[in-house]
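Me: I would like to go through this model in short turns. Please keep each reply brisk and end it on the value or name I ask for.

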Amino acid sequence: MREAVIFGAGSVGRGFIAQLLTRAGYRVTFVDVDEPLVEALNARGEYTLTLVTNESRQDVVVGPVRAIHSRDAAAVAEALQHASLAATAVGAEPLSFVAPLLARGIAARMAAGTAEPLNIIVCENLPDQAGYLRGLLDGLLGEDERRYLQEHVGLVNAVIARMVPAPTAEMRARDVSGILTEPYYDLPVDGAAWVGAVPAIPGLQAVEPFAPYIVRKLYICNGLHALLAYLGYRRGHVLACDAVDDPALRPLLEGGLRESAAGLAHAYGDTCEGCRPAALEALISSLWPRLANRALADPLHRLARDPLRKLAPCDRIVGPARLAEAAGVFPEHLAWGIAGALAYDDADDPAAVALQERIAEQSAAVVLAQVSDIAPDEPLGQRVLEAYERLKQGAWPA
């Protein structure tokens with residue numbers, strides 16, 4: 001049986017990657033800091049993944065699996081020495097703690113003379129997650145080990161789009177290893193970064209060029225989440241499934257996606273199959289029932305958090321607005337989304353509080369220019385500020 005190591009037994013690792021790998025014939029070893037979860041996975045050698053839609057609910061047993069606590073560096077290195085595939089799914093900041101464990105395993109593979117490639121699928125929310133990890137590893141490895149890393153280890157960026165809510169306290173009390181998710185299972189990865197032959201894993205799609213797929217996910221999937229969150233918040237919604245069905249909100253969401261798709265097709269359609277109009281239309285059509293999934297009960301505050309980061313010039317709302325402008329399409333609906341983010345004032349979100357304090361001190365126009373690089377006197381800036389004032393007054397487009 002082929003061996004795989006997944007760093008992180010949380011929403012992405014346990015809720016997505018392990019299902020794909022075990023279905024393809026791998027035994028999965030999780031590396032995690034959650035002691036009760038590690039014990040439960042080792043006691044059963046499997047866990048239950050519940051796939052839910054508004055119409056169905058299916059329990060799937062995922063296995064064989066085992067787990068190692070991340071403090072046992074020697075056991076992690078041994079698992080990596082025998083693995084043919086690995087993944088990280090820990091979040092951006094904990095990668096710095098994972099890197100030493102990976103470095104020790106890579107050194108062990110070199111010392112053992114292992115020529116079989118080890119590809120590491122990097123499933124973190126970073127612009128160049130694999131490049132960041134390579135930088136961490138380069139600082140931990142010697143010259144010969146860095147050469148081995150270059151020749152025998154693939155650091156492979158991935159696009160994660162499956163929605164997996166964090167298990168609630170009640171769910172953990174029933175089954176600490178159980179997890180709930182949607183059936184969506186596509187996993188695009190960077191085919192150019194893969195070392196050796198790409199294995200046949202249902203759902204895994206090695207694509208080239210890969211960069212447009214990252215932008216597509218950010219501007220379509222994350223962009224829709226942001227529009228839904230910030231404008232849904234102004235409408236008083238709590239859950240994504242309620243906001244997506246709001247007849248006053250839906251035209252803004254659909255219009256924003258049309259603008260984003262036009263920009264993506266113009267920028268990448270000639271070189272990227274996934275950014276051609278038909279592919280973008282299919283992707284957008286698939287998003288509506290997924291967001292309406294009441295079983296997941298995705299809260300809007302999760303999608304809205306950290307508006308300062310999400311208002312950045314190349315992030316999920318302003319970025320597609322600029323692409324739309326370059327395509328000759330004025331981003332009317334995206335302007336409302338930018339305005340909604342600018343007006344986001346959830347007192348439980350520290351970034352939202354900081355944003356509103358800056359607006360109170362400097363004005364919305366100044367903050368928009370500073371945070372989003374949108375000048376208040378350019379057409380987009382004028383439209384955003386008009387929409388911002390209307391949202392603050394509780395008004396909506398006619």
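The questions and replies below run from the whole chain down to single residues.

This is a predicted model: local features need pLDDT of at least 70, side-chain atom pairs count only at pLDDT 80 or more, and totals for chains, interfaces and linings use all residues. Residues are numbered from 1 along each chain as its sequence is written, and side-chain values use heavy atoms, with hydrogens and water left out.

Me: How many helices and strands are there in the chain?
Reply: Helices (H or I, at least four residues) and strands (E, at least two) are DSSP runs, numbered from the N terminus. On that basis the chain has 18 helices and 11 strands.

Me: What is the radius of gyration of the chain, set against the globule rule?
Reply: The radius is taken over C-alpha atoms, and the rule is 2.2 Å times the number of residues to the power 0.38. For 398 residues the rule gives 21 Å, and the chain comes close to that, so it is as compact as a globular protein of that length. Along its principal axes the C-alpha trace spans about 65 × 45 × 45 Å. The radius of gyration is 22 Å.

Me: What percentage of the residues of the chain count as buried?
Reply: Buried means under 20% relative accessible area, exposed over 50%, and partly exposed in between (1.4 Å probe, protein chains only). Of the 398 residues, the buried share is 53%.

Me: What share of the contacts with a separation of 6 or more comes from residues 24 or more positions apart?
Reply: Contact means heavy atoms within 4.5 Å. Among contacts in the chain with a separation of 6 or more, residues 24 or more positions apart account for 72%.

Me: Which helix gives the largest share of the largest nonpolar core?
Reply: A nonpolar core is a set of buried Ala, Val, Leu, Ile, Met, Phe, Trp, Tyr and Cys residues joined through side-chain atoms within 4.5 Å. The largest one has 65 residues, and I220, L228, L249, I317, I338 and L342 have the most contacts inside it. Its largest share, 11 residues, comes from residues 211-234, helix α8.

Me: How many residues does another core, apart from it, have?
Reply: This other core includes A4, A18, I121 and L204. Its count is 37 residues.

Me: Is A341 buried or exposed?
Reply: A341 sits in helix α15 (residues 332-342). Leaving aside neighbours within four places in sequence, A341 is in contact with Y230, P307, L311, I317 and L355. I317 in turn touches residues including A226, L227 and I338. At 0% relative accessibility, A341 is buried.

Me: What is the distance between A341 and Y388, C-alpha to C-alpha?
Reply: The two residues are 47 residues apart in sequence. In space, their C-alpha separation is 9.0 Å.

Me: Which residues does H225 touch, not counting residues up to four places away in sequence?
Reply: H225 lies in helix α8. Its relative accessible area is 15%, so it is buried. Beyond its sequence neighbours up to four places away, it touches M163, L291 and L303.

Me: What is the relative accessible area of D246?
Reply: D246 is in the loop between α9 (240-244) and α10 (250-268). Setting aside residues up to four places away in sequence, D246 touches R235 and H237. D246 is buried, with a relative accessible area of 5%.

Me: How far is Y268 from V215 between C-alpha atoms?
Reply: Y268 belongs to helix α10 and is partly exposed at 24% relative accessibility. V215 is among its contacts outside four places in sequence, as is L323. Y268 and V215 are 53 residues apart along the chain, with C-alpha atoms separated by 9.6 Å.

Me: What is omega for the cis peptide bond that joins E208 and P209?
Reply: P209 lies in the loop between β11 (204-207) and α8. Another cis bond runs from G63 to P64, with omega near 5 degrees, and P64 is in the loop between β4 (57-62) and β5 (65-69). For E208 and P209, omega is about -10 degrees.

Me: What is phi of D373?
Reply: D373 is in the loop between α17 and α18 (379-392). D373 is exposed, with a relative accessible area of 54%. Its phi is positive, in a residue other than glycine, and is near 60 degrees.
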